[in-house]
Amino acid sequence: MAPIGLFEVLFFFCFLILYYFLIKKPLGFKKDFHSNPRNWPVLGMLPGALVILHRLYDWSVDVLENANLTFQFIGPWLSGMDILITVDPENINYILSSNFSNYIKGPEYQEVFEAYGDGIVNSDLELWRNLRKASQVIFGDQGFQNFTTSTTRSKLKDGLVPLFNHFAKEEMVVDLQDVFQRFMFDTTFISLTGFDMKSLSLEMPEVGFANALDDVGDAIMYRHITPRFLWKLQKWIGVGREKKMTEANATFDRVCATYVSAKRDEIKKGKSGEDLLTLFMKLDTTKFELLNPSDDKFLKDFTVGFMAAGRDSTASGLTWFFWNMSENPRVLTKILQEIKTNLPTTTGSDQDTSYLNKLVYLHCALSESLRLFPPIPFERKSPIKPDVLPSGHKVKSATNIMFFIYAMGRMKTVWGEDAMEFKPERWISETGGFKHQPSYKFLSFNAGPRTCLGKNLAINLMKAVIVEILQNYEIKFINGQKIEPKPGLVLYMKHGLKVTITKKCSSLE
C-alpha cells in the first residue's frame with residue numbers, strides 16, 4: 001500500500017475545514033452555485049458540488065443549458081478530479097462512434113469500478129473486443145433467447161402475480177421500487193445461472209448478493225465525489241463505504257464460487273443448460289484468445305457485471321415508468337386501450353411475445369420515460385491521445401469526460417422547447433410507427449460499438465411486466481410522498497415508491 005504523504009494530509013484538513021464552513025453557512029453559496037459554480041482556491045468546485053449533491057441532476061440541467069451543452073468542472077488541485085461534462089450530441093457521437101478507438105474507460109475508471117473486475121463493464125481494447133464478440137454469439141443464440149423469455153413469464157406467473165394478489169388482499173402499502181428490484185434480481189440471476197434465489201416472495205428476504213450490489217454502487221458513487229487519496233486512505237484503514245466495498249467483494253467471491261462450482265458439476269454430469277454461465281463456460285476459446293472460462297475470477301467478474309447491469313437498469317426503468325403513468329393519466333388511458341385492442345385472446349406458448357411488437361404507443365411511452373429518467377444517469381470516457389471535440393474543446397490524454405445522460409434528455413437545444421414535458425407522441429413517426437431517435441441523442445442503451453446487446457431483451461421484458469400489471473391491477477400512489485432521484489450510478493428513487501394495489505375484476509377494466 002502506497003504511503004500517505006504530508007501534502008495529502010494537509011490537503012485533507014484543508015478540505016474538512018472549508019467543507020465544514022460551507023455546510024454551516026451555505027445559503028448564499030447555494031444561491032450562487034446553482035447558475036455559476038464557484039472555483040475555490042485549492043479545492044476547486046468540489047465543496048459546492050457536495051453542498052448541492054442532493055439536487056445534482058436538476059443542477060446539471062441548469063448549468064449545461066447555460067454552458068451551451070459542455071461544462072468544465074474543476075476539481076481540487078492535484079486530485080485528478082477535473083471533468084469535462086458534455087451533453088452535446090455531436091461530441092457524444094464523435095467519442096462513441098466516429099473516433100471510438102481513441103476513447104476508452106481507462107485505468108482510472110477501472111480503479112474506481114474495481115468491484116467489476118475485468119468484465120465487460122470495465123474492459124477496453126482487445127479484451128473488450130473478445131468479450132463483446134463472445135457476448136454477441138451468446139445473446140444471439142435462440143436457445144438463450146427462449147430461456148430468458150420463459151424465465152420472465154415464469155417469474156411473472158409464479159412470483160410477481162401471487163405477490164401482487166397478496167398485497168391486494170391484505171391492502172398493504174408496498175414499495176414498488178423494491179418489488180421491481182427483487183423481480184429483476186431473480187430474473188437476471190436465473191438467466192445467468194439457472195438458479196433462483198427467490199428474493200421475490202411473501203417473506204421479502206434479505207439477500208446478501210443483492211445487498212452487496214447496493215453497497216458497491218454506493219461506494220463507487222462516493223469515489224466519484226471524493227479525492228482519490230481520501231477514499232484510498234479509507235480503504236487502507238477499512239472504514240466507511242470502503243469497508244462495505246471490501247465486505248461486498250467477499251460476498252461476491254463466496255456466492256460466485258458456490259454457483260460456478262455447481263454449474264461445473266452440472267456440465268460434468270452432461271446436463272446442458274441455456275443460461276449464460278453455462279454458455280460462457282462452454283466457449284470455444286480458440287476464437288476468443290483473451291477469455292479464460294475455466295478461470296474462477298473471469299467467471300466471477302462476468303457474473304457481477306451482468307447482475308449489476310441486468311437488475312438495476314430495468315428495475316429503475318420500470319419504477320419511473322409507473323410513476324410517470326400516475327402523473328400522466330391521459331397516456332395511461334391510451335396504453336390501456338392499445339393493450340385491449342392488440343392483446344391476443346390467448347398468448348399461446350411462453351415464447352410467443354410477438355403481440356408486444358404491436359404495442360407501439362407503449363413503446364413510445366416507455367422510451368419517453370427512459371429519456372427523462374435514464375436508468376444509468378452518466379457515462380465516462382477518456383482519450384488515449386490528445387484530441388479536439390466537435391464543440392472546439394481540447395482534451396488531453398487521460399482527460400475525464402462525462403456524459404450527463406439525465407441532463408441530456410432535458411436539453412431544449414437537443415429535444416426542443418417541450419423537452420421537460422412527458423410526451424410519447426414525439427416518438428411516433430408520420431406513418432404511425434415507432435420513430436427511432438439517434439443513439440447519441442437517446443443514450444439509455446449507450447451508442448456506437450458499445451451499444452447494449454440486451455436492448456431488445458430489456459424492452460420486451462419491461463413491456464411484458466407492464467402489460468401483466470396493467471391488465472390485472474390498479475396501482476394507486478400514496479399521497480404526500482417525496483419523489484426525487486437518489487444520486488448514484490443508477491437512477492433510483494431516494495425514498496422508494498409507495499403504492500397500494502387493487503386487483504381488477506376483469507382484465508383492462
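In this predicted model, Leu125 is placed in helix α7, which spans residues 125-139. The phi angle of Leu125 is near 55°, a positive value in a residue other than glycine, and the residue is partly exposed, because its relative accessible area is 44%, a value in between the limits of 20% for buried and 50% for exposed residues. A positive phi near 55° is also found for Lys198, again a residue other than glycine. Lys198 lies in the loop between α9 and α10, and with a relative accessible area of 53% it counts as exposed.

Positive phi also appears at Gly238, the residue that follows α11, with a value near 85°. Gly238 belongs to the loop between α11 and α12 and is partly exposed, its relative accessible area being 30%. Along the chain, Gly238 and Leu125 are 113 residues apart, and their C-alpha atoms are separated by 33 Å. Within helix α11 itself, which covers residues 228-237, the buried residues are Phe229, Leu230, Trp231, Leu233 and Gln234. As a general point, an α-helix has 3.6 residues a turn, so residues three or four places apart point the same way.

Helix α12, which runs over residues 240-268, contains Thr251. Thr251 counts as buried, because its relative accessibility is 12%, which is under the 20% limit. When residues up to four places away in sequence are not counted, Thr251 touches Gly208, Phe209 and Ala212.

Two pairs of packed helices were examined. Two packed helices are described by the angle between their axes and the distance between the axes. Helix α10, comprising residues 208-224, packs with helix α14, comprising residues 296-327, at an angle of about 80°, and the two axes lie 11 Å apart. At this angle, α10 is roughly perpendicular to α14, because angles from 65 to 115 degrees count as such. On the α10 side, the residues that meet α14 are Phe209, Ala210, Leu213 and Asp214, whereas α14 contributes Thr303, Val304, Met307, Ala308 and Arg311. By residue type, the contact of α10 with α14 divides into 6 nonpolar, 1 polar and 2 charged residues. Phe209 thus appears in the contact with α14 and also among the residues touched by Thr251.

Asp214 and Arg311, which take part in the contact of α10 with α14, are also touched by Gln181, as are Ala315 and Tyr492, when residues up to four places away in sequence are not counted. Gln181 is found in helix α9, which extends over residues 176-193, and it is buried, because its relative accessible area is 16%.

The second pair consists of helix α16, with residues 360-372, and helix α19, with residues 455-472, which pack at an angle of about 110° with their axes 11 Å apart. This angle makes α16 roughly perpendicular to α19. The crossing in which α16 passes α19 is right-handed. The contact is formed from Leu362, His363, Leu366 and Leu370 of α16 together with Ile459, Met462, Lys463, Ile466 and Val467 of α19. Of the residues in the contact of α16 with α19, 7 are nonpolar, 1 is polar and 1 is charged.

In the loop between α18, at residues 412-415, and α19 lies Cys452. According to an unreviewed UniProt entry, Cys452 is covered by the annotation "binding site". With a relative accessibility of 36%, Cys452 counts as partly exposed. If its neighbours within four places in sequence are left aside, Cys452 is in contact with Phe445 and Asn446.

Among the residues considered here is also one in a strand, since Thr86 lies in strand β2, which covers residues 83-86. Thr86 is buried, because its relative accessible area is 0%. Apart from its neighbours within four places in sequence, Thr86 is in contact with Leu69, Thr70, Asn91 and Ile92, and also with Ile401, Met402, Phe403 and Phe404. Thr86 and Tyr406 stand 320 residues apart along the chain, and their C-alpha atoms are separated by 11 Å.

Key: Residues are numbered from 1 along each chain as its sequence is written. This is a predicted model: local features need pLDDT of at least 70, side-chain atom pairs count only at pLDDT 80 or more; totals for chains, interfaces and linings use all residues. Side-chain values use heavy atoms; hydrogens and water are left out. Axes are lines fitted to C-alpha atoms, for helices over the stretch in contact, and angles run from 0 to 180 degrees between N-to-C directions. Helices (H or I, at least four residues) and strands (E, at least two) are DSSP runs, numbered from the N terminus. Angles under 35 degrees count as roughly parallel, over 145 as roughly antiparallel, 65 to 115 as roughly perpendicular and the rest as oblique. A crossing is left-handed if the near helix is turned anticlockwise from the far one by less than a right angle, and right-handed if clockwise. Contact means heavy atoms within 4.5 Å. Ala, Val, Leu, Ile, Met, Phe, Trp, Tyr, Cys and Pro count as nonpolar, Asp, Glu, Lys and Arg as charged, and the others, Gly among them, as polar. Buried means under 20% relative accessible area, exposed over 50%, partly exposed in between (1.4 Å probe, protein chains only). UniProt positions are given in the numbering used here, feature names are shortened, and annotations may be inferred rather than shown by experiment.
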